[in-house]
Amino acid sequence: MKLDDFPKDIQLHLIPRPTGDLVYRCLECGAEYDISQLLYTCPKCKGLFLLEDKAADRLKAHPGIFWRRLFDYRKMLNIPALKGVFLFYELIAPVIPLTDIIYLGEGHTPQVAANDALREEVGRAFYFKNDGQNPSASFKDRGMAAALSYLNFLAKQPGAGKMLAICASTGDTSAAAALYSAYLGKQIASAVLLPHGKVTPQQLAQPLGSGARVLEVPGVFDDCMKVVENLADNYQVALLNSKNSWRIRGQESYAYEIAQYFDYDLQKKVIAVPIGNAGNITAIMQGFLRLLDLGVIEELPRVLGVQSRHANPVFRYYLEPDKAKRVFKPVTVQPSVAQAAMIGAPVSMPRVIRLAEEYTRRAGADAVTVVEVTEQEIMDSMLLANRHGHIACTQGGESLAGFRAAIKAGLLSPEEVGVLDATAHHLKFIGFQQMYFDNTFPPEFEVTPKPEYQNRPQLLTPQTGDPEKKTQDLASQIAALLNLTPKG
Ligand SMILES: *Cc1c(COP(=O)(O)O)cnc(C)c1O
Ligand SMILES: [Zn+2]
C-alpha cells in the first residue's frame, strides 16, 4: 500500500527513524559500553551483554494500542528493509538507518495448526511455527539479519576497513552467517568453525556454497566455541555467535510475530523451544517481556524449554527447586539427533537465569519450565508430526516431544495451546530420518525404530523388455500392489 493511503496518524510513524540510544550493558557488573566498538563480553569482568535502549522511555509515550496498530499497518508497507524482522524496527535495533538494513526474506514464518488427528494424538491444540522457512532454513537468519545489518552500518563509518566475521556453529549459525556475509559482498569476509563430522552434509554444503572459509575442528561445538572466543579476544574479528547481542535482538522477532499472530492475546499460550546455546530462549523471553513493558500484550505466555537427555545442562540446573541452591554445571554431551542443540556449556546461560527470574517474577513460578526428553521421543515426535503434514526437523521434533512430556507430567491445563518452534527445515537433518528408516543408528543414540514410522521406496522391475508393453506392465504391477479397482 502507498504511504498516502494509510490513516494520517499512522503515516507519521510508519517509516521509522534511528532514534534509539543503544549501549552494551554488562549483565554481571552493570558497566555500559558504546556500540561503535566490536564488543562481545565485558572487558572488565568478562560478563555477557544485552543491548539496552537508554531512550526506551520514548516508546512508552505511546500506549500499547498504538504499537499494535503500527505493526499491523506496517505489514502492508512495501519497503524491503521493513519486510523482515525490522517490521518491529523500534524494538530491534533503532540505530541502524533503513538504507543499511539487509533483507533476504527472513522472518514472518508460517504458524501451522496441527490437524484434528495430530491434535487428538497429542492431546492438545498446537501450532508449529516453521522457522525452517527462513532463507538459510533455520531461525538463525533472524539474528543474522540484525547482526549483519549492524556490521553493514559500522563498515560505512570512516576508517572501518574490511571486516572478517567469524563464528563457531553446530551448523545453522554458519549457514546463516555465510549467507548474509555473501550478500554484503566485499566489505565482509566470513570464516566458520565447525566440529568435524558433527554437522549434517546439508549444513556443511551451505557455507561452502556461500563462499565462506570453512574450518573444521576435531571435537564438538563446545571445543569450536573456545577457539572462536580466543580469536575474538585477541584479534580484530566480528564474532557472530549468539554472544553477539545484536543477534539476540533480531531473534526477539520470533516473539513479536507470535504476539501479532494471536492479535496480541497470549492468554493460555505455551511457547515450546529447544535449548542449545540458549540464545533463542533468551531472545524469546526478552521479546515477550519487552512487549509486556510497552503494553502491547497484557499477559506473558508460558515458556517451555526442551533439552535432550544427551545434552541437558539447563534442565539439570532447574531441577533444583531452591533458587539459592542452584549451581550451573556444564555437561559432556552424548550424540544427539537434535544435533543443533547438542551443547554442554551454553554461552547464554547467564542471560537465561536472569531473564527467567524476571519472567517468573511477573508471570508466576510456573511461567518458565525446562523439560528433558529422550532421543527416541525426539525421533518419534518428528516423524509423527511430519506424517501429519509438517516439516519439522529433529529439533522441531524435540519441541513436540517436550510439549508431550509437559502434558504427560500434568504441567499444562486442558485449554492451553502450544506454539512449537520448528527451528530448522526438515531437509537439513534428513540423515537422521534415513537412519531411522534403515535402522542404522549407532547404539549410543539409543533409538529403536518403530515399524509404523518406517518407510522405504519400492523398486519395480518391468517383466518385459518390449518398450511398448513396459508401461502397461508397470501399471498392472502397481494396480495389484495398491489394490486398485478397475474402472466400470
Ligand atoms: C541453533 C539451533 C538450536 C538451538 O538454539 P540456541 O539458541 O542455541 O539455544 C535449535 N535448533 C536449531 C535448528 C538450531 O539451528
Ligand atoms: Zn562487566
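This report describes the open and enclosed spaces of a predicted model and one of its sheets.

In this predicted model, local features need pLDDT of at least 70, side-chain atom pairs count only at pLDDT 80 or more, and totals for chains, interfaces and linings use all residues. Residues are numbered from 1 along each chain as its sequence is written, chains are lettered from A and ligands numbered from 1 in the order in which they are written, and side-chain values use heavy atoms, with hydrogens and water left out.

**The sheet**

Four strands, in the order β8-β7-β6-β9, make an open sheet with parallel pairing (strands are DSSP runs of E of at least two residues and helices runs of H or I of at least four, numbered from the N terminus; two strands pair if DSSP finds at least two bridges between them). At the edges are β8 (213-217) and β9 (238-239), each of which pairs on one side only. Helix α6 (residues 140-155) packs on the sheet and touches β6, β7 and β9 (contact means heavy atoms within 4.5 Å). The direction of α6 makes about 160 degrees with that of β6 (axes are lines fitted to C-alpha atoms, for helices over the stretch in contact, and angles run from 0 to 180 degrees between N-to-C directions). β6 (residues 163-168) and β7 (residues 188-195) are joined by 6 bridges; one of the bridge partners is Ala-189 in β7, facing Leu-164.

**Pocket and cavities**

On a 1 Å grid over the protein atoms alone, a cavity is a set of points where a 1.4 Å probe fits but cannot get out, while a pocket is an open set with protein on both sides within 12 Å along at least five of seven lines; lining residues have an atom within 4 Å of a point. Grid points are joined across faces, edges and corners, and a volume is the space filled by probe spheres set on the points. The count comes to 3 cavities of 30 Å³ or more.

| Space | Volume | Lining by class |
|---|---|---|
| Largest pocket | about 680 Å³ | 9 nonpolar, 1 polar, 14 charged |
| Largest cavity | about 270 Å³ | 11 nonpolar, 13 polar, 3 charged |
| Second largest cavity | about 40 Å³ | 4 nonpolar, 2 polar, 1 charged |

Ala, Val, Leu, Ile, Met, Phe, Trp, Tyr, Cys and Pro count as nonpolar, Asp, Glu, Lys and Arg as charged, and the others, Gly among them, as polar.

Of the 24 residues lining the largest pocket, Leu-51, Glu-52, Gln-286, Arg-290 and Asp-293 lie nearest its centre. Helix α14 gives the most to this lining, with 6 residues. In the largest cavity, α12 gives the most, with 3 residues.
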